[in-house]
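This briefing looks at how selected helices pack against one another and at what surrounds the bound ligands. Please read it alongside the sequence and the structure shown here.

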Amino acid sequence: MATMAAASSFAVASGSEPKATPKKIGFLNRTVTHAGLRCLNIVDKLQSRTTTQQLRKKHVKKQKAMPGVVMDCRSGMNMVFVGAEVGPWSKTGGLGDVLGGLPPAMAANGHRVMTVAPRYDQYKDAWDTGVAIEVKVGYITEKVRFFHCYKRGVDRVFIDHPMFLEKVWGKTGSKIYGPTTGTDYEDNQLRFSMLCQAALEAPRILNLNSCEYFSGPYGEDVVFIANDWHTALLPCYLKSMYKSKGMYETAKVAYCIHNIAYQGRFSFGDFSLLNLPDAFRSSFDFIDGYEKPVKGRKINWMKAGILESDKVLTVSPYYAEELVSGVEKGVELDNIIRKTGITGIVNGMDVQEWNPSTDKYISIKYNASTVMIAKPLLKEALQAEVGLPVDRDIPIIGFIGRLEEQKGSDILVEAIPQFIREKVQIIVLGTGKKPMEEQIQQLEILYPDKARGVAKFNVPLAHMIIAGADFILLPSRFEPCGLIQLHAMRYGTVPIVASTGGLVDTVREGFTGFQMGAFNVECDAVDLADVTAVASTIRRALKSYGTPALAEIIENCMTQDLSWKGPAKKWEEMLLSLGVAESNPGIDGEEIAPLAKENVANP
Ligand SMILES: Nc1ncnc2c1ncn2[C@@H]1O[C@H](COP(=O)(O)OP(=O)(O)O[C@H]2O[C@H](CO)[C@@H](O)[C@H](O)[C@H]2O)[C@@H](O)[C@H]1O
Ligand SMILES: OC[C@H]1O[C@H](O[C@H]2[C@H](O)[C@@H](O)[C@@H](O[C@H]3[C@H](O)[C@@H](O)[C@@H](O)O[C@@H]3CO)O[C@@H]2CO)[C@H](O)[C@@H](O)[C@@H]1O
C-alpha cells in the first residue's frame, strides 16, 4: 500500500500533454503507477490506430484520468492456472491452498487471471456459463460444461462432468483422487485428460466479462500454469492439438511440481488412452523396479509434463536443489529435471484466511502486540475443545497434516515416550492412511492427560490449533514447501521442523523456530535417529518456553511478510521471461480487503 501512496504521476505518452496526478482506479480502488504500464491519451489514439488496435486485441483498462481525457492503460499478462484442487472449493491439502491463494495475488498485480479445476460439488457460488464442448477421453467423446464465478479478481472456472461430480459430490476434501487414501479412481487418467483438454479451450471460448477492465475471451496469448501430475497432459495437448494447427502460437506452459512423490505412473499400454501422437510416447516412457500399478515399463505423466513444458518450477529453492540432488530425493526424475532445469519459488500464504486479528474460528483476535495476552486464553479454549486438562501454563505442541509417511506423524508417535514426562501436551490433527489414523487415535488411550489425536479434516480445529498451540511440529521426511509453518508463524506459534525442502527456506534456527536436521527419506521404516532428533529438539524448545528468547522468536515470526505478495512478483518475473505475446509486467498491487472479503467463496 505504501508503494502506491508514494507514487506521484502517470507516464503519459504525449510530451505535450499535462501529467496526470495520481488517480484512484475504481477496480481495487488503488492508485497505480508503473513504468511498464502503457497509457495512451485520446490524441495518441487517433494518431496511432494500429497501436491502439493491438492494445484492444487483449485487455484494455479504461479510466478517466482527467476530465475530457480518456486513458487506455494496459499492463500484465493473461494467466490460466490449472489444477486438480482449488481452495476453498476443493482441497485435500496444500495444492488447493496454492491454487486458491496465488491467483488472487497475481490479479491484484493487474494480471488477468483464470483458474480451471474440476467441479466436484454443487458450488453455491459458481454458475453454468451455458458453454459446453465435446472432448475425446480414452475411446469415447464426452460433453463437458463450464461453470464460473469471479472472486478476488480471479475468474474461477469449473469443469463439469459426471466423472467429477458423481464421485465426489458432498465429500469434497476427501474423495478427489479416490474412494479412500491410497486407492485411486480407475478412470483418473480419463478424468485428468478431460481437465487438461477443457482447460485449453477455456481461454478461447469463454466470453467472460467479470469486471470493467477485462472483457471477452482471454484469447490465445496466454501462459498456462500447470500443477502436478494431473495437468501434465496440458503441454502435450497444447502442442498436438493447437500449435500444430497454428493456434496458441506464442502461448507457453509453466509446470509446477508441488510434490514429486505423486507422478502418475500407469501401465505402458495406457498411452493409447491419452490420444496423443506417437511422437510423445518417449516423453512418457519410464521404467522402475516397482510392481505398482504394474510391473516394469510404464508411462509417467509427470515426466512428460516436465519434458513438454517451457519452464519447470517448484515451491521452494531448497526443494529445487533436492530434486536434482539424486535419485532418492528426485524420486527417479532427478535425471530428467537436471536436463530441463528447475526454479524454486517459495510459496506464500493466504493472509486473509489465516489472520489472527480477524480469524472467525478463534474466540479472541490478536496481533503481534497482544499475542502474549491472547495465546493463553486461546490455549484454554483449545484444551477444552479437544478434552485435555485446561491449564494455560502447559506448553502445547500441535501437528496438522495429511497422514502419509511424508509428514512423519509416525516418527512423532514413536518419539512421544522420550519427552512425554516433560510438562507438555500434544494435539495431532490429520487424515490419510488408515493405520496412521488409528495410530494417532490411540494417543488419547496411551496418554489421557497429555495427548489427543483427531482423525478428521477439520478446518475450524486447524485454526484453533494454529492459534492456541505454542509450537507446531513438522517432522517431515520431505517437504516441498509446507504451508503449516507459515500459518503458524503468522499466529506466533513457533515451528519445530525437519531440515528439508521449504522448511529450510522458511524457518531460521533460533530466529523463527527450531531445526531438527534432515531425516531419512526411506518411507517404509521409522529411523531411530529421527525419533531421537524429534525428542531432543522438542525438549530444547520446551526449555525456551516462557523465556524472553522465545518471546523474541514469536515476535520475529509474527512480523514477517509471509503473504503471496513477494512470491507473486517472482512468479511474474519468471512467467514474463517466457515471452508470450502481449505480456507486460503488472503493477505493484494490493488486494483490497473489503472486496476480497465480500467475495470469499461459499462452496
Ligand atoms: N486434517 C486437516 N484438517 C484441516 N486442514 C488440514 C488438515 N490436514 C491438512 N490441512 C490443511 O491442508 C494444508 C496442507 O498444507 P501443506 O503445505 O502441508 O500441503 P501438502 O503437503 O498437502 O501439499 C504439497 O503442496 C504444498 C503446496 O505447494 C506444499 O507446501 C507442500 O510441501 C506439498 O507437500 C494446510 O492448509 C492445512 O491446514
Ligand atoms: O493437496 C494435497 C496433495 O494433493 C495431491 O496429491 C494427491 C495425488 O496427486 C493423488 O494421486 C493421490 O495420491 C495417491 C496416489 O495416487 C496413490 O498411488 C497412493 O500412493 O496414495 C496416494 C494418496 O492417496 O492423492 C494425493 C492426495 O492425498 C497433490 O499432487 C499433492 O502435491 C498435494 O500435496
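In this predicted model, helix 6 (residues 188-205) packs against helix 7 (residues 233-242) at an angle of about 60 degrees, and their axes lie 9 Å apart. A second pair, helix 4 (residues 94-108) and helix 21 (residues 565-576), packs at an angle of about 75 degrees, with the axes 9 Å apart. The points below take each helix pair in turn and then move to the two ligands.

**Helix 6 and helix 7**

- Because angles between 35 and 65 degrees fall outside both the roughly parallel and the roughly perpendicular classes, helix 6 and helix 7 are oblique to each other.
- The crossing in which helix 6 passes helix 7 is right-handed.
- On the side of helix 6, the contact is made by S193, C196, Q197, A199, L200, E201 and R204, which meet L233, L234, Y237, L238, M241 and Y242 of helix 7.
- Sorted by class, the residues of this contact between helix 6 and helix 7 comprise nine nonpolar, two polar and two charged.

**Helix 4 and helix 21**

- Since an angle of 65 to 115 degrees counts as roughly perpendicular, the angle of about 75 degrees makes helix 4 roughly perpendicular to helix 21.
- Helix 4 contributes L102, A105 and M106 to the contact, while helix 21 contributes A568, W571, E572 and L575.
- The contact of helix 4 with helix 21 holds six nonpolar residues and one charged residue, with no polar residues.

**Surroundings of ligand 1**

- There are 29 residues around ligand 1, of which D97, H258, R402, K407 and E479 come nearest.
- Two side chains provide polar atoms close to oxygen atoms of the ligand: an N or O atom in the side chain of N347 is 2.9 Å from an oxygen atom of ligand 1, and a polar side-chain atom of R402 is 2.8 Å from an oxygen atom of ligand 1.
- The backbone also takes part, in that an N or O atom of the G482 backbone lies 2.8 Å from an oxygen atom of ligand 1.

**Surroundings of ligand 2**

- Ligand 2 has 17 residues around it, and those that come nearest are E85, G182, D184, D228 and H230.
- Polar backbone atoms of L95 and G182 each lie by an oxygen atom of ligand 2, at 3.1 Å for L95 and at 2.7 Å for G182.
- R402, whose side chain has a polar atom 2.8 Å from an oxygen atom of ligand 1, also has a polar side-chain atom 3.3 Å from an oxygen atom of ligand 2.

Notes. Residues numbered from 1 in each chain as written. Chains lettered and ligands numbered in written order. Predicted model: local features only at pLDDT ≥ 70, side-chain atom pairs only at ≥ 80, totals over all residues. Heavy atoms only, no water. Axes fitted to C-alpha atoms, helices over the stretch in contact; angles between N-to-C directions. Helix = DSSP H or I, 4+ residues; strand = E, 2+ residues; numbered from the N terminus. Parallel < 35°, antiparallel > 145°, perpendicular 65-115°, else oblique. Left-handed = near helix turned anticlockwise from the far one by under 90°. Contact = heavy atoms within 4.5 Å. Nonpolar A, V, L, I, M, F, W, Y, C, P; charged D, E, K, R; others polar. Near = heavy atom within 4 Å. Polar contact = N/O pair within 3.5 Å; in protein donor to acceptor, adjacent residues only side chain to side chain.
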